[in-house]
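Here are some notes to read with the model open beside you. They are set out as numbered points, and each can be checked by eye.

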Amino acid sequence: MKLKFWILTVLLSSLSWASLQELNAQTSPFKLAPLPYPANSLEKAIDAETMTIHHDKHHQAYVDNANKALDGKKVSMIELLKTASKQAPMIRNNIGGHWNHTFFWSVLSGKDEDNKIPEGLKKEIEAKWGAMDKFQAEFEKAGASQFGSGWAWLIRTSGGLEITATPNQDNPLMDVGEKRGWPILGADVWEHAYYLKYQNKRADYLKNFWKVVNWKKVDQYNQEAAKTKLP
Ligand code: MN
């Protein structure tokens, strides 16, 4: 009984992380953590079936394929992201998939108190884009105009907050693409993220996405990113 408890504690602590740096430090072989909330808790914007398939099938496959491609090699997530341009496509795509989805689950919440943006972050966004709805429109545009599969991101660069998009499972921590920075919010715009409920209407999914953003978490990431050098 005691041993079982110990194993559970070790297993949970190896999956738990709270900061961007802790997420980056996760080392292979990678494990899939459970969703941080019930699959039906984001129904305001994303249905339970989509969440379940997305996490249990898609995310699990990225984890399994990353481990398979690494073939027992011990390496941290950030080492692979930083050198993505030199990695085999199997590694680049699946490590990206694992990082992006782990991050994505964490910036969503169905709780009203999490969906309210903290004043400091709101002011920072308004200073950059003029108004919250202008920022949101810009972010939605980045997601909607990403051709094919990919992600829309709010990132912190040395120059402040910026919006960017990446194809496939690339992300702004990788040494590829135009803009590098700390992701503080991301929207998955692969069809598997919205097709069951929204079919081909990606723009509608992105409009509803705001209802389930965990702004508390985004604010926490933003504060960490502001004082942490980009790896
Ligand atoms: Mn996805």
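1. In this predicted model, strand 1 and strand 3 (182-188) run antiparallel and are joined by six bridges. One residue to look for is W153 of strand 1, whose bridge partner in strand 3 is G186.

2. Strand 1 (residues 150-157) also pairs with strand 2 (residues 160-167). These two strands run antiparallel as well, with eight bridges between them. Three of the partners can be picked out by name. In strand 2, T166 is the bridge partner of W151, T164 is the bridge partner of W153, and G160 is the bridge partner of T157. W153 therefore appears in two pairings, one with strand 2 and one with strand 3. The link from strand 1 to strand 2 is a hairpin of two residues.

3. What order do the strands take in the open sheet? The order is 2-1-3, and the pairing of the three strands is antiparallel. Strand 2 and strand 3 are the edge strands; each has a single partner, so one side of each has no neighbour in the sheet. Ignoring direction, neighbouring strands of the sheet are turned against each other by 20 degrees on average.

4. How many of the eight residues of strand 1 are buried? Eight of the eight are, so the rest of the structure largely encloses this strand. Buried here stands for a relative accessible area under 20%. The side chains can be sorted by direction: G150, A152, L154 and R156 point one way, while W151, W153, I155 and T157 point the other way, and all of them are buried. For strand 2 the count is six of eight buried residues, so strand 2 is also largely enclosed by the rest of the structure.

5. Helix 5 (89-106) lies across strand 1 and strand 3. Its direction is at about 90 degrees to that of strand 3. Helix 5 comes up again in the next two points.

6. Helix 9 (residues 202-209) has the buried residues R202, Y205, L206, N208 and F209. Why do the buried residues line one face of helix 9? Seen down the helix axis, they fall within an arc of 165 degrees, so they lie along one face. The elements that cover them include helix 5, helix 7 (132-144), strand 3 and helix 8 (195-198).

7. Empty space is worth a separate look. Rolling a probe the size of a water molecule over the atoms shows where such space is left. The largest pocket holds about 360 Å³ of space. It is lined by 24 residues, and those closest to its centre are P34, P36, Y37, W105 and S106. Helix 5 and helix 10 (215-226) are the elements that give two or more residues to the lining. Helix 5 gives the most, with four residues.

8. A226 is in helix 10. Is A226 buried or exposed? Its relative accessibility is 54%, so A226 counts as exposed, the cut-off being over 50%. A226 and R156 are 70 residues apart in sequence, yet their C-alpha atoms are 7.2 Å apart in space.

9. Some backbone details should be checked. Most residues other than glycine have a negative phi, and most peptide bonds are trans. Which peptide bond is cis, with omega near 0 degrees? The bond from S28 to P29 is. P29 is placed in the loop between helix 2 (20-25) and helix 3 (48-70).

10. Two residues that are not glycine have a positive phi: N168, at about 55 degrees, and Q199, at about 50 degrees. N168 belongs to the loop between strand 2 and strand 3, and Q199 to the loop between helix 8 and helix 9. N168 has a relative accessible area of 40%, so it is partly exposed. Q199, at 33% relative accessibility, is partly exposed too.

Methods. Residues numbered from 1 in each chain as written. Predicted model: local features only at pLDDT ≥ 70, side-chain atom pairs only at ≥ 80, totals over all residues. Heavy atoms only, no water. Buried < 20%, exposed > 50% of the residue type's maximum accessible area, 1.4 Å probe, protein only. Arc of directions from axis to C-beta. Contact = heavy atoms within 4.5 Å. Pairing = 2+ DSSP bridges. Axes fitted to C-alpha atoms, helices over the stretch in contact; angles between N-to-C directions. 1 Å grid on protein atoms, 1.4 Å probe; cavity = no way out; pocket = protein on both sides within 12 Å on 5 of 7 lines; lining within 4 Å. Points joined across faces, edges and corners; volume = space filled by probe spheres on them.
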